[in-house]
Amino acid sequence: MSKTPLDSPYCLYSFFLFSQLYNEMIKPKYEYDPMCQILYRDICNEFGKYCDSQFNDDTIKEYYCIVDYLKSIDTK
């Protein structure tokens with residue numbers, strides 16, 4: 001089970017922060033995604049992986065945890 005309950009208000013902030021950092025750091029490019037469905041799916045998948053990873057550490061500020069996670073993933 002995820003360390004961050006997906007129905008908690010905190011999760012909404014976490015997901016928002018994660019999605020903004022994902023867009024800024026990964027800079028995904030999709031040929032045609034007018035409704036952002038592919039982008040949303042990819043962000044949801046990566047956010048789930050982040051929540052269950054060792055990078056999701058309550059003793060470190062969340063911003064830095066997410067940045068470290070995003071630096072570690074292979075997006076190619």
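Start with K49 and E46, which sit 3 residues apart in helix α2, so about one helical turn separates them. Their side chains meet in a salt bridge, at 3.5 Å from N to O. Keep in mind that this is a predicted model, so what you see here is computed from its atoms.

The two partners in that bridge have rather unlike surroundings. K49 has 49% relative accessibility and therefore counts as partly exposed. E46, at 13% relative accessibility, counts as buried, because the cut-off for buried is under 20%. What does E46 touch, once residues up to four places away in sequence are set aside? The list is F18, Y22, Y69 and I73.

Now zoom out to the helix that holds this pair. Helix α2 covers residues 37-51. With 15 residues at 1.5 Å a residue, α2 should span 21 Å, and its end C-alpha atoms are indeed 21 Å apart, so the expected and modelled spans agree. Which residues of α2 are buried? They are L39, D42, I43, E46, F47, Y50 and C51. Around the helix axis they cover an arc of only 160°, which means they lie on the same side of α2.

D42, another acidic residue on that list of buried α2 positions, also has a salt-bridge partner. It pairs with R41, and the closest N and O atoms are 3.0 Å apart. D42 has a relative accessible area of 18%, so it is buried, while R41 comes in at 46% and counts as partly exposed.

The count for the model comes to 3 salt bridges, and there is one left to visit. Here the side chains of E24 and K27 meet, with 3.5 Å from N to O. E24 is exposed, with a relative accessible area of 54%, because the cut-off for exposed is over 50%. K27 is partly exposed at 45%.

Next, the nonpolar interior. The largest nonpolar core has 17 residues, and the ones that touch the most other members are F18, Y22, Y50, I66 and L70. The elements giving two or more residues to this core are α1 (9-25), α2 and α3 (62-72). Some of these names have come up already: F18 and Y22 are among the residues that E46 touches, and Y50 is one of the buried residues of α2.

I66 is a good place to look around in that core. Which residues is I66 in contact with, leaving aside its neighbours within four places in sequence? They are S14, L17, F18, L21 and Y50.

Finally, step back to the whole chain. Its secondary structure comes to 3 helices and 0 strands, and from the N terminus on, the elements run α-α-α. How much of the contact network joins residues 24 or more positions apart? Among contacts with a separation of 6 or more, such pairs account for 61%. Buried residues make up 36% of the 76 residues in the chain. As for the outside, the accessible surface comes to about 5,700 Å², and 57% of this belongs to carbon and sulfur atoms.

How values were computed
Residues are numbered from 1 along each chain as its sequence is written. This is a predicted model: local features need pLDDT of at least 70, side-chain atom pairs count only at pLDDT 80 or more; totals for chains, interfaces and linings use all residues. Side-chain values use heavy atoms; hydrogens and water are left out. Helices (H or I, at least four residues) and strands (E, at least two) are DSSP runs, numbered from the N terminus. Buried means under 20% relative accessible area, exposed over 50%, partly exposed in between (1.4 Å probe, protein chains only). Contact means heavy atoms within 4.5 Å. A nonpolar core is a set of buried Ala, Val, Leu, Ile, Met, Phe, Trp, Tyr and Cys residues joined through side-chain atoms within 4.5 Å. Accessible areas come from the Shrake-Rupley method with a 1.4 Å probe; for residues, only the protein chains shown count as cover. The expected span of a helix is 1.5 Å times one less than its number of residues. The arc is that of the directions from the helix axis to the C-beta atoms. A salt bridge is a side-chain nitrogen of Lys or Arg within 4 Å of a carboxyl oxygen of Asp or Glu.
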